[in-house]
Amino acid sequence: MSVWCQGMRKPIVAANWKMNGSLELCEHFTGNLVRPDYADVWIFPTALHLGSLTDSLRDTEIATGAQNVWCEPNGAYTGEISATMVATLGAQLALVGHSERRASFGDSDEVVAKKFKSITDAGLKPVLCVGETLEERESGLAFEAVERQLNVVEEAWDRPVYLHEAIAYEPVWAIGTGKAATAEIAQEMHALIRNHVDGNGSGESQALRILYGGSVKAVNAPELIAQEDIDGFLVGGASLDVNEFNQICEAMKS
Ligand code: PGA
């Protein structure tokens, strides 16, 4: 991927702050972020700070989103927030299917499909996260695992699913471990995902932006983004440091 121009897939650098951050971080981050015109920047703060961060970025190109929503627009779901509420704040995006939600909060493939639908129904862009566990990779079942996660979401639809959306490939074994997938492993899976979307007509596969996530840092970003089917990153730990994040954005130029 070289410097973005019309007709190419514009790179995305997305920050997933997980359960980290404060109002101070929001202010520090927005005050020091280098706003690239060659990449889209998306920020997923905690739900607690989503409103104020979205307000402070209202007149910029930077989009914000929720890390998680429940399947219904409202109701007796203590502790949850809905995609409709997120949209009301002026945020544009929501993550869905992150492996931490799947593993620690019991989000099954079916729940992920329902959440995906509620996000789209609310007019937000879903960023569907998929990825295999270490066990699945070691037993040669990495693509089957990812394909299963894609299939469940696609089966819940009767029209192209990923039309204007992004998919994030995040191998579970690479998240928060400091051990990013090699560029070869990541590229292979991204190409398989694009091929899958192409093969079943579930989206415009050539326009679909497929992000890599899992221990992305300034040091490994250039090699990963140089791969043909890697269109950007979903960055966890390294996104809490705005200087590191700026350097990752910088790598989108190369
Ligand atoms: P990490 O997390 O960059 O800290 O590995 C990525 C993610 O979970 O989205």
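The following paragraphs lead through the structure from its overall build to its salt bridges and one of its helices.

The model is predicted. The protein is built from 10 helices and eight strands. Its radius of gyration is 17 Å, close to the 18 Å that the globule rule gives for 254 residues, so the protein is as compact as a globular protein of that length. The C-alpha trace spans about 45 × 45 × 35 Å along the principal axes of the protein.

Burial and contacts fill in this picture. Of the 254 residues, 55% are buried. Where contacts join residues at least 6 apart in sequence, 70% of them connect residues at least 24 apart. The accessible surface amounts to about 11400 Å², and carbon and sulfur atoms account for 51% of that area. As for charge, the protein carries 19 positive and 36 negative charges, and the mean positions of these two sets are 3 Å apart.

The charged side chains also pair with one another. The count of salt bridges comes to 14. One of them joins Arg9 to Asp231, with the closest N and O atoms 2.9 Å apart. This pair links distant parts of the chain, for Arg9 belongs to the segment before strand S1 (12–16), while Asp231 is in the loop between H9 and strand S8 (232–235), 222 residues apart. Where do the two partners stand with respect to solvent, buried or exposed? Arg9 has a relative accessibility of 15% and therefore counts as buried, the cut-off being under 20%. Asp231 is likewise buried, with a relative accessible area of 0%.

A further salt bridge is formed by Asp229 and Arg194, whose side chains meet at 2.6 Å, N to O. Asp229 lies in the loop between H9 and S8 and Arg194 in helix H8 (residues 183–200), so this pair ties together parts that are 35 residues apart in sequence. Asp229, at 10% relative accessibility, counts as buried, and Arg194 is buried as well, with a relative accessible area of 4%. The two pairs do not stand in isolation: Arg9, Arg194, Asp229 and Asp231 are linked in a network of salt bridges.

Another salt bridge connects two strands. Arg209 pairs with Asp40, and the closest N and O atoms are 2.7 Å apart. Because Arg209 lies in strand S7 (residues 209–213) and Asp40 in strand S2 (residues 40–44), the pair ties together parts that are 169 residues apart in sequence. Both Arg209 and Asp40 are buried.

Helix H9 (residues 221–225) includes Ile225. Ile225 is buried, with a relative accessible area of 0%. In sequence, Ile225 and Gln187 are 38 residues apart, whereas in space their C-alpha atoms are 9.4 Å apart.

Helix H2 (residues 47–56) remains to be described. Which residues of helix H2 are buried? They are His49, Leu50, Gly51, Leu53 and Thr54. An α-helix has 3.6 residues a turn, so residues three or four places apart point the same way. The buried residues of H2 pack against helix H1 (23–32), S2, strand S3 (63–66) and helix H3 (83–88). Strand S2, one of these neighbors, is also the strand that holds Asp40, the salt-bridge partner of Arg209.

Terms used:
Residues numbered from 1 in each chain as written. Predicted model: local features only at pLDDT ≥ 70, side-chain atom pairs only at ≥ 80, totals over all residues. Heavy atoms only, no water. Helix = DSSP H or I, 4+ residues; strand = E, 2+ residues; numbered from the N terminus. Rg over C-alpha atoms; globule rule 2.2 N^0.38 Å. Buried < 20%, exposed > 50% of the residue type's maximum accessible area, 1.4 Å probe, protein only. Contact = heavy atoms within 4.5 Å. Areas by Shrake-Rupley, 256 points an atom, 1.4 Å probe, with all protein chains shown as cover. Lys, Arg positive; Asp, Glu negative; His and termini not counted. Charge placed at Lys NZ, Arg CZ, Asp CG, Glu CD. Salt bridge = Lys/Arg side-chain N within 4 Å of Asp/Glu carboxyl O.
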